[in-house]
Amino acid sequence: MRFLGRQPQNRSCSSSGRNSNSAFNTLMAKMQSLSFRPFQICVLLWLGAKGFGNIRPLGRHHQKGRRSRGGADFLAKVPGSNVGVAIQIRHWKTPVQRRAVDELWGFMLRNGVPSGLIVTNSSFMKSAPKAVPEFAGRPIQLVSCRDLCSSMASLELGLRKQGQQWILDESFFRSVDQLCFASTLGSGSACARSARILAAKCHLPDLGGEAGCPDNRPSSLTAWMVLAAAILVVGLVFWLKLGVRP
């Protein structure tokens, strides 16, 4: 089972020649430089844009430390089906080892999840893909940083066209930073409330961990990100004013 489908390398930039390669490499470098939480949110937005449904975060907000349910960061439904998938994020500076596959498979077995997905900001050691066929009954797909960026580029996430040139979409990553900030605030804050409402409209999990309504999903994720940035900034100003004491 292939969750990504056939992904031509950097499809959205394939006609732009040298500039497309430069833009893709810039996106790769940016994704590899992100700290854990922004990378996690980028993966979350990518999952929503790919059409994964019923996304539920399992409470992990830091690179280190135990996950609330061990072995996975998100549970979701495979695009276009009702098949469950456990998604694990590996934010490592070195290639991901085979034990990540073993760990996710153990989680899937214990929790009755039929498929798995490991997404990393790095690459995989040769032992990791060799381990995947051993779990044919519960398929696991490995998504390296290059695979992720290729898919993001095809969806125009993280890259945008300026005239005839492809460039890094700085506004996208600023919005990711704002969502990270909103996630650190109390659930009653204006920022957090705004982010939850917008996430629900995009069929993405809110900051508290609940999935949104698929019937209200807008057609353009980019438009959502721009709107999210604007509302979060307004919410932040409002929150700061409330927090001021004479």
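Helix H3 (residues 98–111) lies across S2, S3, strand S4 (115–120) and S5, and runs at about 145° to S3. Contact here means heavy atoms within 4.5 Å. Axes are lines fitted to C-alpha atoms, for helices over the stretch in contact, and angles run from 0 to 180 degrees between N-to-C directions. Helices (H or I, at least four residues) and strands (E, at least two) are DSSP runs, numbered from the N terminus.

A quick word on the model: it is predicted, so local features need pLDDT of at least 70 and side-chain atom pairs count only at pLDDT 80 or more, while totals for chains, interfaces and linings use all residues. Residues are numbered from 1 along each chain as its sequence is written, and side-chain values use heavy atoms, with hydrogens and water left out.

Now for the sheet. It is open, has 5 strands in the order S1-S2-S3-S4-S5, and its pairing is mixed. At the edges sit strand S1 (53–57) and strand S5 (140–143), each pairing on one side only. From one strand to the next, the twist averages 20°. Two strands pair if DSSP finds at least two bridges between them. Strand S2 (residues 74–77) and strand S3 (residues 84–90) do so in the antiparallel sense, over 4 bridges; Leu 75, for example, has Ala 86 in S3 as its bridge partner.

Helix H5 (residues 145–154) also meets the sheet: it lies across S4 and S5, at about 85° to S5.

Helix H2 (residues 36–50) has 15 residues and reaches 21 Å from its first C-alpha to its last, close to the 21 Å expected at 1.5 Å a residue. That expected span is 1.5 Å times one less than the number of residues. Because 14 of its 15 residues are buried, H2 is largely enclosed by the rest of the structure. Buried means under 20% relative accessible area, exposed over 50%, and partly exposed in between (1.4 Å probe, protein chains only). Right after H2 comes Gly 51, with a positive phi near 100°.

Two residues other than glycine have positive phi too:

| Residue | Phi | Location | Relative accessible area |
|---|---|---|---|
| Asn 54 | about 55° | strand S1 | 43%, partly exposed |
| Glu 156 | near 60° | loop between H5 and strand S6 (159–162) | 42%, partly exposed |

Lastly, Ala 136 lies in the loop between helix H4 (127–131) and S5. Ala 136 counts as exposed, at 63% relative accessibility. The C-alpha atoms of Ala 136 and Ser 115 are separated by 9.6 Å, with the two residues 21 apart along the chain.
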